[in-house]
Amino acid sequence: MQNPTELHRDVLAWYDEHARDLPWRRPDTSAWGVLVSEVMLQQTPVSRVEPAWHRWMAAWPAPTDLAAAPAAEVLRAWDRLGYPRRALRLRECAQAIVAHHGGRVPGTEAELLALPGIGSYTAAAVAAFAYGRRVVVLDTNVRRVLGRLFDGHALPAPSLTQAERQRAAARLPAHTPDSVRWNVGLMELGALVCTARAPRCEACPLRGYCAWRRAGRPADPHAGLRRRQAWHGTDRQARGKIMALLRDRPDGPVSEEEVLRAVADGADPAALADPGQPARALASLVTDGLVAPADSDDGGVAAYRLP
DNA sequence: AACGCGGGGCC
DNA sequence: GGCCCAGCGTT
């Protein structure tokens, strides 16, 4: 094994040369801009986040602005980034920042972790990338890179283990500015070179000492056991259709009949076999606060709108 | 630890 | 058609 300093130097040098020019990495981006980007990037690819982030920051450049925005407007701006509950939580996060931190994004992991929609990854990412703190940032990219480099595993285990946390902490560069570039450098390496599907090992700065490559790039030991996300015919798809319909109708409530018909529209046979699904999906959206009952323009008929 | 939760792009 | 994507909150 090479000494830690050499590994650090290789990652930092690679990052300095190959880093993408993403808007939330610009030095003049506010901590709020970084936080917004991190929430949007939770399970949504960079390519789809970038335009949404620009529009979002233009509309609500500070926590105070988003905190005062109507939820329906926020959900429409979220558009099709997916997991729209993230938009509501981001708004609640802004309100908590106003209520408890004077409208300024807090800088410690513990304070960030206490905010709605901010988990262990996002808290660490904001502390590191917005405030330059020396913290362990472990996202799916970093987990995959470290797992290949040191464990020889193709892909990380389904859930983050304590051993991974400790190993990542032990490998973190001692100096503060280096630790930030190490974190973002490993993430960038995972996004551009050490990818999940078709890694470009020939372009990797760590190819000389990667356990996975040395072992002949064996297949994922968890293959087949990995959690798969169902979509066609599921409640999730039904919820997505309802949200898309209500997003596109800013002028007024939509009757329950039309909402339920939109779900059945183009549904696959599996969904049609469950006639209760549309109503169930709608009810769950109301429970989650993503949809609200509304007074129909045709009195007495149930109708719905964005909250 | 396991599950629910969007949506799209890529092989 | 399966898999992946800068995860979080709940149970």
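In this predicted model, the face of helix α10 turned away from its buried side carries three exposed residues, Q162, Q166 and A170. The helix itself spans residues 162-171, and its buried members are E164, R167 and A168. Viewed down the axis of α10, these buried residues fall within an arc of 100°, so they line one face of the helix. Their packing partner is α9, which runs over residues 140-151. A charged pair of side chains, E164 and R167, thus shares the buried list with the nonpolar A168.

Helix α9 comes up again when the enclosed spaces of the model are considered. Three cavities of 30 Å³ or more were counted. The largest of them has a volume of about 120 Å³. It is lined by 14 residues, of which C194, C201, C204, L206 and C210 are the closest to its centre. Two helices, α9 and α12 (residues 211-214), each supply at least two residues of this lining. The largest share comes from α9, with three residues. In terms of residue class, the lining of the largest cavity is made up of 11 nonpolar and three charged residues, with no polar ones.

The second largest cavity holds about 50 Å³ of space. Its lining consists of V136, V137, V142, L146, A168, L172, W182, N183 and L186. A168 will be familiar from the account of α10, where it is one of the buried residues. For this cavity, α9 and α11 (residues 176-192) each contribute at least two lining residues, and α11 provides the largest share, namely three. By class, the lining of the second largest cavity has eight nonpolar residues and one polar residue, but no charged ones. Helix α9 therefore supplies at least two lining residues to the largest cavity and at least two to the second largest, in addition to packing against the buried residues of α10.

On a broader scale, chain A is divided into two domains, with domain 1 covering residues 31-129 and domain 2 covering residues 235-305. The C-alpha centres of domain 1 and domain 2 lie 27 Å apart. The two domains also touch: eight residues of domain 1 are in contact with 10 residues of domain 2.

Note on methods: Residues numbered from 1 in each chain as written. Chains lettered and ligands numbered in written order. Predicted model: local features only at pLDDT ≥ 70, side-chain atom pairs only at ≥ 80, totals over all residues. Heavy atoms only, no water. Buried < 20%, exposed > 50% of the residue type's maximum accessible area, 1.4 Å probe, protein only. Helix = DSSP H or I, 4+ residues; strand = E, 2+ residues; numbered from the N terminus. Arc of directions from axis to C-beta. Contact = heavy atoms within 4.5 Å. 1 Å grid on protein atoms, 1.4 Å probe; cavity = no way out; pocket = protein on both sides within 12 Å on 5 of 7 lines; lining within 4 Å. Points joined across faces, edges and corners; volume = space filled by probe spheres on them. Domains from an automatic or database assignment.
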